[in-house]
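Let's take a walk through this structure together, one feature at a time. Have the viewer ready, and we will begin with a pocket before turning to the rest of the chain.

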Amino acid sequence: MGATGVGVENQPLMRALVGDTLTHAGFVVHTAGSAVEALTEFDGFDPDLLVTDIDLGVRPNGVDLANIVTVKAPHCAIVFLTNYPNASTAPGSAGVPPKSPRAKWTPARSTSSSCVWAWPS
């Protein structure tokens, strides 16, 4: 059995895209449409990777989810996918110190304003 990845996205098309991408990368994939659904899933397995949108439409958001996951599974790598242009504009980003060695904000390599924000394990 390979590494386990969880994709959390409230938009069904994007959730399917994240899930397919993780599957093609060799992960055993679980997907969820909300942080609450993802946390319910976490009770059944030990994730190696969490890929989540920051804005999940309802609370808890992706940052809240990441903070919970780092307590439940400190070895789990966390990657945020978002349209926010930088960490300071993302809701809930106050929970992550801007100079944290675990946080890195990287603009996506595209013409959109999407970014990837990663907390390596």
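Start at the second largest pocket, whose lining is made up of Met14, Leu17, Val18, Thr21, Leu22, Leu49, Val51 and Leu81. This is a predicted model, so keep that in mind as you look around. Two elements, α1 (12-24) and β3 (49-53), give two or more residues to the lining of this second largest pocket. Of the contributors, α1 gives the most, with five residues. The space inside the second largest pocket comes to about 150 Å³. As a general point, rolling a probe the size of a water molecule over the atoms shows where empty space is left.

Now step back to the whole chain. It holds three helices and six strands, and reading along the sequence you meet them in the pattern β-α-β-α-β-α-β-β-β. The chain has 121 residues, and 40% of them count as buried. Among contacts with a separation of 6 or more, 62% are between residues 24 or more positions apart.

Glycine 5 gives a good example of a residue that meets distant parts of the sequence. You will find glycine 5 in strand β1 (residues 4-8). Is glycine 5 buried or exposed? Its relative accessible area is 0%, so glycine 5 is buried. Proline 47 sits 42 residues away from glycine 5 along the chain, yet their C-alpha atoms are separated by 5.9 Å. Setting aside neighbours within four places in sequence, glycine 5 is in contact with Leu22, Phe27, Val28, Val29, His30 and Leu49. Two of these names, Leu22 and Leu49, also appear in the pocket lining you have just seen.

Next, look at the nonpolar interior. In soluble globular proteins, nonpolar side chains tend to be buried together. Here the largest nonpolar core has 19 residues, and Val8, Phe42, Leu50, Leu65 and Val69 are those with the most contacts inside it. The elements β1, α2 (35-42), α3 (62-72) and β4 (77-82) each supply at least two residues of this core. There is also a second, separate core of five residues, including Val18, Leu22, Leu49 and Ala77.

Phenylalanine 42 deserves a closer look. Not counting residues up to four places away in sequence, phenylalanine 42 touches Val6, Pro47, Leu50, Leu65 and Val69. Phenylalanine 42 has a relative accessible area of 9%, under the 20% cut-off, so it is buried.

How many aromatic pairs are there? The count comes to one aromatic pair. Its partners are phenylalanine 42 and phenylalanine 45, with ring centres 5.9 Å apart and planes at 75 degrees, so the pair is edge-to-face. Phenylalanine 45 is buried too, with a relative accessible area of 16%.

Finally, turn to the charged side chains. Side chains of opposite charge can pair when their charged atoms come close. How many salt bridges does a search of the whole structure find? The search finds one salt bridge, and it joins arginine 59 to aspartate 64, with the closest N and O atoms 2.9 Å apart. The two ends sit in contrasting surroundings: arginine 59 is exposed, with a relative accessible area of 59%, whereas aspartate 64 counts as buried at 18% relative accessibility.

How values were computed. Residues are numbered from 1 along each chain as its sequence is written. This is a predicted model: local features need pLDDT of at least 70, side-chain atom pairs count only at pLDDT 80 or more; totals for chains, interfaces and linings use all residues. Side-chain values use heavy atoms; hydrogens and water are left out. A salt bridge is a side-chain nitrogen of Lys or Arg within 4 Å of a carboxyl oxygen of Asp or Glu. Buried means under 20% relative accessible area, exposed over 50%, partly exposed in between (1.4 Å probe, protein chains only). Rings of Phe, Tyr and Trp (its six-membered ring) pair if their centres lie within 6.5 Å; planes under 30 degrees apart count as stacked, over 60 as edge-to-face and the rest as tilted. Helices (H or I, at least four residues) and strands (E, at least two) are DSSP runs, numbered from the N terminus. Contact means heavy atoms within 4.5 Å. A nonpolar core is a set of buried Ala, Val, Leu, Ile, Met, Phe, Trp, Tyr and Cys residues joined through side-chain atoms within 4.5 Å. On a 1 Å grid over the protein atoms alone, a cavity is a set of points where a 1.4 Å probe fits but cannot get out, and a pocket is an open set with protein on both sides within 12 Å along at least five of seven lines; lining residues have an atom within 4 Å of a point. Grid points are joined across faces, edges and corners, and a volume is the space filled by probe spheres set on the points.
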